[in-house]
Amino acid sequence: MTMPSISTPPDLRSGADWIASETAEVQKSFLDELSQEELLALPYMFDFWAMPHQLPPAGDWRSWLIMGGRGAGKTRAGAEWVRAAVEGARPTDPGRCSRIALVGETMDQVREVMVFGDSGILACSPPDRRPLWHATRRMLIWPNGATAQAFSAHEPESLRGPQFDGAWVDEMAKWKKGQETWDMLQFALRLGDAPRVCVTTTPRNVGVLKDLLKRPSTVVTHAPSEANAANLADSFLQEVRLRYAGSRLARQELDGILLEEAECALWSLAQLDAVRVTDLPEMDRIVVAIDPAVSSHSASDECGIVVVGAVTRGPVQDWRAYVLEDATIAGAKPLVWASRAITAMERWGADRLVAEVNQGGDMVEQVIRQIDPLVPFRKLHASRGKVARAEPVAALYEQGRVFHHGALGALEDQMCAMTAQGYAGKGSPDRLDALVWALHELIIEPSAQWRRPQVRSV
């Protein structure tokens with residue numbers, strides 16, 4: 001069967017998105033040029049319909065990990081990857097793989113989602129290539145003789161004995177026996193020249209997933225739930241985004257982001273979830289804190305910009321702080337990040353701009369003054385290391401005196417990677433540094449001055 005020849009749109013949209021955005025005349029011309037056979041084949045041409053995160057990356061990889069939010073199209077991508085692996089040019093021609101392992105959390109999950117689901121293998125297969133399900137053998141058999149055998153992650157030992165040249169693994173982060181099942185699968189992938197596995201999962205902070213991400217033979221594609229919005233109920237995304245806005249659950253289940261905590265971290269994900277608020281009190285002071293980047297090229301560290309307000313009425317032990325916004329920017333030139341910080345200051349009605357100047361010296365203030373010569377500004381000098389500065393801020397959180405408002409996910413990721421031994425994340429914790437400077441300015445230093453005994457002259 002001859003397939004339509006369609007070039008990839010330059011902005012990496014799917015072919016379907018591309019043709020859908022064209023005029024009616026272009027769409028009609030495109031369809032008129034297709035033969036009857038090509039029109040029948042078009043619904044099953046996944047390369048045409050797929051979104052970028054649903055297509056396997058190029059290169060010499062062993063494991064392709066698709067991390068995405070709920071409804072992001074992970075199952076369809078896995079099913080289509082199996083199709084592409086086992087199907088040949090014609091229905092009875094051999095494909096690249098002939099023996100596939102299908103591994104899900106339970107046998108019911110494999111059958112109802114991976115095989116018979118709305119986006120499962122049977123639903124995705126054209127009639128002349130559709131495999132048959134043999135329930136007693138727990139196996140799919142294609143017209144060309146290729147097979148796919150179903151396994152439950154509850155029974156890792158069932159993978160001891162069979163051998164495969166490919167595998168599709170679904171929702172690995174949910175498996176109770178994740179590491180044992182994954183290990184047994186690796187021993188079974190021993191057929192062919194280069195056995196490969198496709199892993200589709202909503203991420204969770206589990207060891208087997210984190211280990212897989214660290215392997216050089218792993219490639220990753222990622223997408224939030226919104227990537228597949230065209231195939232989801234309109235009310236679904238509106239409702240869950242509104243209900244879980246800014247929460248850890250939304251970042252994991254909708255954004256498809258792996259949320260990690262470093263061992264002995266100064267903050268935990270559960271702790272940060274507990275301090276999230278939607279309503280804000282009237283603030284006594286608001287500051288915008290900047291942790292400037294050393295350079296402004298695309299690979300440089302971020303320029304941390306964080307807005308924090310404080311309620312400082314009453315005794316010092318009753319003072320409270322509210323993290324209002326993370327306006328951090330990456331790879332920006334000095335005038336750009338300075339303008340962004342001043343805009344954030346105007347948006348929140350902040351009283352002062354504070355910035356660490358160890359790296360940039362007087363240049364930091366000069367850049368800010370170019371944007372607004374009269375902006376209230378204070379230079380801060382770091383005389384202690386990052387951990388020493390962060391620990392008293394972590395203590396404020398432990399005392400229940402700091403709250404988070406809005407979406408602060410990237411900042412919270414850095415917080416959960418800061419340990420008593422140092423920062424365990426990638427790059428520099430510029431967002432966290434800006435937060436630390438803001439809380440020192442609003443709470444820690446004023447508290448120390450308030451408590452300091454006054455010496456009277458005689």
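Strand β1 (63–68) is pretty much walled in: six of its six residues are buried, so the strand is largely enclosed by the rest of the structure. Buried here means under 20% relative accessible area, with exposed set at over 50% and partly exposed in between (1.4 Å probe, protein chains only). Strands (E, at least two residues) and helices (H or I, at least four) are DSSP runs numbered from the N terminus. All of this comes from a predicted model, in which local features need pLDDT of at least 70 and side-chain atom pairs count only at pLDDT 80 or more, while totals for chains, interfaces and linings use all residues. Residues are numbered from 1 along each chain as its sequence is written, and side-chain values use heavy atoms, with hydrogens and water left out.

As for confidence, pLDDT is the predictor's own score for each residue, from 0 to 100. The protein chain averages 87, and 91% of its residues reach 70 or more. Residues 1–12 are the shaky part, with pLDDT below 50; this stretch has 18 contacts in the model beyond near neighbours in sequence. A contact is a pair of heavy atoms within 4.5 Å.

Back to β1. In a regular strand the side chains alternate between the two faces of the sheet. From β1, S63, L65 and M67 point one way, W64, I66 and G68 point the other, and all are buried. On one flank, β1 pairs with β8 in the parallel sense over six bridges, with I66 bridged to T221. β7 runs parallel to β1 too and is joined to it by five bridges, with T201 as the bridge partner of M67. Pairing requires at least two DSSP bridges between the strands.

Zooming out, β1 belongs to an open, mixed sheet of eight strands in the order β3-β4-β5-β2-β6-β7-β1-β8. The edges are taken by β3 (132–134) and β8 (218–223); each has a single partner strand, so one side of each lacks a neighbour in the sheet. From one strand to the next the twist averages 20 degrees. Elsewhere in the sheet, β2 (99–104) and β5 (147–152) pair in the parallel sense over six bridges, and I100 has A148 as its bridge partner.

Helix α9 (207–214) lies across β1, β7 (196–201) and β8, running at about 120 degrees to β1. Such angles run from 0 to 180 degrees between N-to-C directions, using axes fitted to C-alpha atoms, for helices over the stretch in contact. The buried residues of α9 are V208, L209 and L212. Seen down the helix axis they fall within an arc of 100 degrees (taken from the directions to the C-beta atoms), so they line one face of α9. Their cover includes β1, α8 (178–188), β7 and β8.

Further along the chain, strand β16 (402–405) has V402 and H404 pointing one way and F403 and H405 the other, and all are buried. β16 runs parallel to β9 (276–277), joined by two bridges, and parallel to β12 (320–326), joined by three. H404 stands opposite R276 and is also the bridge partner of V323.

The largest nonpolar core has 69 residues, and W267, L353, I368, Y397 and L435 have the most contacts inside it. Such a core is a set of buried Ala, Val, Leu, Ile, Met, Phe, Trp, Tyr and Cys residues joined through side-chain atoms within 4.5 Å. Helix α17 (430–451) gives the most to this core, with ten residues. Leaving aside neighbours within four places in sequence, L435 touches V306, V308, V323, Y397, L411 and M415. A second, separate core has 27 residues, among them W81, L140, A150 and V219.
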